[in-house]
Amino acid sequence: MKLSVIGVGYLGAVHAASMAELGHEVIGLDVDAARIASLSAGEPPFHEPGFAELLRRGLDSGRLRFTTEHAEIAGAEIHFLGLGTPQRADGFGADLRALHAAVEALAAVLPAREGAPTLVVGKSTVPAGTARELAARIERIPGARLMWNPEFLREGFAVQDTLAPDRLVYGVRDPEAEPAGMEVRMLDAAYARILEREVPRLVMGFETAELVKVSANAFLATKISFINAISELCEATGADVTDVSRALGLDERIGGRFLRAGVGFGGGCLPKDIRAFIASAEDLGVGQALGFLREVDAINQRRRVRAVDLAREMLGSLRGRRITVLGAAFKPDSDDTRDSPALEVATRLMAAGAHITVTDPEALATARRRFEGLTTVEDTAEALRGAELVLLLTEWEEYRHLDPVATARLVDAPRMIDGRNVLSPPRWREAGWEIRSLGRADPAGRPQAPAARAGFASA
Ligand code: UDX
């Protein structure tokens, strides 16, 4: 099939290359000329395992290309919308301007197909009601229909999540009536090779499909903040959150995934999506229903503050102290630093007067773009040299496997905060380290109570 993908950010670029991999002829469109140039040259604008190979194969096959010209996408049978919906500058709501602008620009070229069926498929995360509004615009064009097909991809697993998703969700205007059948058949044809693997495919109304996506992210954020709230209790009682998490996770009804305590969630999705969800519930007059998400957000913010307080406790004062932060990306296997807990802790420590060195295997360029004046060092050993305190804030494989004995030789004082609960405290203590973790008792098994209370106070 001939497909277009409008907006080739993280989601759109991976979707375009994946569709070409499935045998379609795909053209990716974006208003960002630099991004189009880089994708056209086979250079991924972000770090995503497996994506560079996929992009290269697509370009070499001749089935995948990129453009900034709307006229070039006019002939496609299906147009996927992969535009970003960031948090608005003036509040919690989602900024839908890029999406609306893209639909207007598309509407201007669509009539070129002269009534042949054309499907527009929204993939962006949007507040319920958006699809119905956009459908009204699109359906004024003869033969054009809209579907909403939310994307659930995780960064770091984007290719796998796109080619072998857990489920496909199809939002249509009226799930019980024709001509929903035509839209569903067209999208089924595009996803035929995915559906062959018996991936569950659920057809539902527009609003339901939109809600599935935002509720999935709200649930994941809640699960993380739940265990991080238990962390606060662990700190006040001397309990160990990693043991609580392991024991809870073995209950099949709960499950252990997204139950890892630490400095909490960040990234371009979970934080802004729960805020947009709160704003949308308030607009709909049911704000109370999602009141708990404000607490989910607050718990998440408090973990970042707690990491800074713990550093202050270990060093006495932060002013002038040399601190190394391991990790800048919001999670491992990504160079994305949007709302990264690691970077926020680093900048808070800087604001308190500490000399911060940040290292990360992939994310230093994006980190520097976000915070000018950040001291970054590529090489881990060099970054650790001379540190009086180290904070592990993004659990890259390399940091999980650091050798405590060799690492102790590099630093000035062997002090560590494990912000992701991935190191073995007994092993590190044995090598002479003073190591503290979020949600775990201090070495003497004493509760972190007084400190934890200080953490609450400064939150
Ligand atoms: C998320 C959703 O998982 C995905 O389905 C959606 O399409 C986009 O948003 P992503 O932003 O790539 O994907 O990150 P995810 O893997 O969900 O991690 C989010 C954050 O939670 C990271 O900062 C991670 O470090 C943190 N996290 C995750 C925890 O703190 N504890 C956990 O147990 C799991």
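**The ligand site and a pocket**

A backbone N or O atom of E155 lies 2.6 Å from an oxygen atom of the ligand. Keep in mind that this is a predicted model. Now, how much of the ligand does the protein cover? On its own, the ligand has 670 Å² of accessible area, and the protein covers 94% of that.

Two further polar contacts are worth a look. L153 also uses its backbone: an N or O atom there sits 2.8 Å from an oxygen atom of the ligand. With K331, the side chain is involved. One of its N or O atoms is 2.8 Å from a ligand oxygen.

Next, the shell. There are 20 residues around the ligand. Which come nearest? F152, L153, E155, R260 and K331 do. Sort the shell by class and you get 10 nonpolar, 3 polar and 7 charged residues. Helix α9, residues 206-237, gives the most, with 4 residues. Both domains take part. Domain 1 (2-199) and domain 2 (217-454) each supply at least three residues to the shell.

Now to a pocket. The second largest one has a volume of about 240 Å³. It is lined by 15 residues, and the closest to its centre are T242, S245, L259, R260 and N421. You have met R260 already: it is among the residues that come nearest to the ligand.

Which helix provides the largest share of this lining? That is helix α10, residues 241-249, with 4 residues. By class, the lining of this pocket has 4 nonpolar, 5 polar and 6 charged residues.

Find R260 on your screen. It appears in the ligand list and in the pocket list. Thank you.

Key: Residues are numbered from 1 along each chain as its sequence is written. This is a predicted model: local features need pLDDT of at least 70, side-chain atom pairs count only at pLDDT 80 or more; totals for chains, interfaces and linings use all residues. Side-chain values use heavy atoms; hydrogens and water are left out. A residue is near a molecule or strand if one of its heavy atoms lies within 4 Å of it. A polar contact is a pair of N or O atoms within 3.5 Å; within protein, one must be able to donate a hydrogen and the other to accept it, and residues adjacent in sequence count only if both atoms are side-chain atoms. Accessible areas come from the Shrake-Rupley method with a 1.4 Å probe; for residues, only the protein chains shown count as cover. Helices (H or I, at least four residues) and strands (E, at least two) are DSSP runs, numbered from the N terminus. Ala, Val, Leu, Ile, Met, Phe, Trp, Tyr, Cys and Pro count as nonpolar, Asp, Glu, Lys and Arg as charged, and the others, Gly among them, as polar. Domain bounds come from an automatic or database domain assignment. On a 1 Å grid over the protein atoms alone, a cavity is a set of points where a 1.4 Å probe fits but cannot get out, and a pocket is an open set with protein on both sides within 12 Å along at least five of seven lines; lining residues have an atom within 4 Å of a point. Grid points are joined across faces, edges and corners, and a volume is the space filled by probe spheres set on the points.
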